[in-house]
Amino acid sequence: MSESSSYVQRFLLDDLDIRGAIVLLDDVWQAMQHNRDYPTAVRDLLGEMSAIGCVIGGNLKQPGRLTMQLQGHGPVNLLVVDITETLNLRGHAKSSDEAASKTGVGELIGDGQLLLSLDMPELRHPYQSFVPIDGNTVAEVFEHYLTQSEQQPAALHTACSGSAAACLFLQKLPDADKKDPDGWDRITRLAATLRDEELLGLPADEILTRLFHQETVRLFDAREVSHQWPHDWDKVRNMLLALGREEVYASLKEHGAIVIHDELSNHEYRFTKSAIDELFSRTPETPKTVH
């Protein structure tokens, strides 16, 4: 996909020392749902996590990848959002049928945990941080996390539908109280009046004008969010070769074909017997050693 209409757009309330961002995912969000039949509650959880992931991933200043993994023993046993420094986004969720009747993070995840992992070329191992699941919504969970980890209050408003996912992010900066002691309270009260349909349907500049028309708002250029994860057949072929001839042919005999699902990138790889024969014909069979 090119010329994506999904974006992250940052802004600054100059006179108040409050920063923020608006995320809108439409074509990217629709691509992430392709051929997936998520219950509404699971869909919304993944969409809201994806939008927040764009806010946090947009802070990456050098090559790297941020992964947000929500895992638990509830109806949603796994939810993963993965984003690069170029805002290339992917994600998926696994859930049981019970998820259709649940609401809120607590009911969907159960006694779970949220792990953030940052993987960068210069790091020997990814940097990992556990996020307390403190709140009944994804927005509340990350408000608490960002406030504690960055020592500055943060506010998030998320929304999701079948066609779009969005987020409004606000954060109080160190000099905010010096510039206007009432500024943060005023801005968060105004932000709370934003309706989901406005967040999902209006461009960033119009949202900011409606909310903060009496404030000085500096709006930065929007950054495009993409969902560009092409098939990697060579990687999958090498994985099959690593499994070995005996195991692959046993699975082929049982199922009639080898089908591999890359859930995170939303791809399916299918190998018929002729494709498997061709793959292993390039690799000589290891002779058995007789003792």
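Q: In which helix is Glu-198 found?

A: In this predicted model, Glu-198 is found in helix H7, which covers residues 196–201.

Q: Is Glu-198 buried or exposed?

A: The general idea is to compare the relative accessible area with a cut-off: a residue under 20% is called buried. Glu-198 has a relative accessibility of 11%, so Glu-198 counts as buried.

Q: Which residues does Glu-198 touch, apart from those up to four places away in sequence?

A: With those sequence neighbours set aside, Glu-198 touches Thr-193, Ile-207 and Arg-210.

Q: May the same reading be applied to a residue in a strand, and where is Thr-84 found?

A: Thr-84 is found in strand S4, residues 76–84. Its relative accessibility is 12%, and therefore Thr-84 counts as buried. Leaving aside neighbours within four places in sequence, Thr-84 is in contact with Gly-57, Leu-60, Gly-64, Arg-65 and Trp-229.

Q: How far apart are Thr-84 and Phe-280, in sequence and in space?

A: These are two separate readings. Thr-84 and Phe-280 stand 196 residues apart in sequence, and their C-alpha atoms are 34 Å apart in space.

Q: How many disulfides does the structure hold?

A: A disulfide is a covalent bond that joins the sulfur atoms of two cysteines. The structure holds 0 disulfides.

Q: Why is Cys-54 not bonded to Cys-167?

A: A pair of cysteine sulfur atoms must lie within 2.5 Å to count as a disulfide. The closest cysteine sulfur to that of Cys-54 belongs to Cys-167 and is 9.1 Å away, which is too far for a bond. Cys-54 is also buried, with a relative accessible area of 0%. As for Cys-160, this residue is in no disulfide, and the nearest cysteine sulfur, that of Cys-167, is 12 Å away. Cys-160 counts as buried at 13% relative accessibility.

Q: How is the span of helix H2 to be checked?

A: One compares the expected span with the distance between the end C-alpha atoms. At 1.5 Å a residue, the 18 residues of H2 should span 26 Å. The end C-alpha atoms of H2 are 25 Å apart, which agrees.

Q: How many of the 18 residues of H2 are buried?

A: In H2, 17 of the 18 residues are buried, and the helix is mostly covered.

Q: What volume has the largest pocket, and which residues lie nearest its centre?

A: The volume of the largest pocket is about 360 Å³. Its lining consists of 22 residues, and those nearest the centre are Ile-56, Leu-66, Leu-116, Tyr-145 and Glu-150.

Q: Which helices and strands each supply at least two residues of that lining?

A: They are helix H2 (40–57), strand S6 (113–119), strand S7 (127–131), helix H4 (138–150) and strand S9 (165–172). The largest share, 4 residues, comes from H4. By residue type, the lining of the largest pocket divides into 11 nonpolar, 7 polar and 4 charged.

Q: How does one read a cavity, and how many of 30 Å³ or more are there?

A: A cavity is a space where the probe fits but cannot get out. The count comes to 1 cavity of 30 Å³ or more. About 40 Å³ of space lies in the largest cavity.

Q: Which residues line the largest cavity?

A: The lining of the largest cavity is formed by Met-49, Leu-70, Val-105, Leu-114, Val-138, Val-141 and Phe-142. H4 gives the most to this lining, with 3 residues. The lining of the largest cavity holds 7 nonpolar residues, no polar and no charged.

Technical notes
Residues are numbered from 1 along each chain as its sequence is written. This is a predicted model: local features need pLDDT of at least 70, side-chain atom pairs count only at pLDDT 80 or more; totals for chains, interfaces and linings use all residues. Side-chain values use heavy atoms; hydrogens and water are left out. Buried means under 20% relative accessible area, exposed over 50%, partly exposed in between (1.4 Å probe, protein chains only). On a 1 Å grid over the protein atoms alone, a cavity is a set of points where a 1.4 Å probe fits but cannot get out, and a pocket is an open set with protein on both sides within 12 Å along at least five of seven lines; lining residues have an atom within 4 Å of a point. Grid points are joined across faces, edges and corners, and a volume is the space filled by probe spheres set on the points. Ala, Val, Leu, Ile, Met, Phe, Trp, Tyr, Cys and Pro count as nonpolar, Asp, Glu, Lys and Arg as charged, and the others, Gly among them, as polar. Contact means heavy atoms within 4.5 Å. The expected span of a helix is 1.5 Å times one less than its number of residues.
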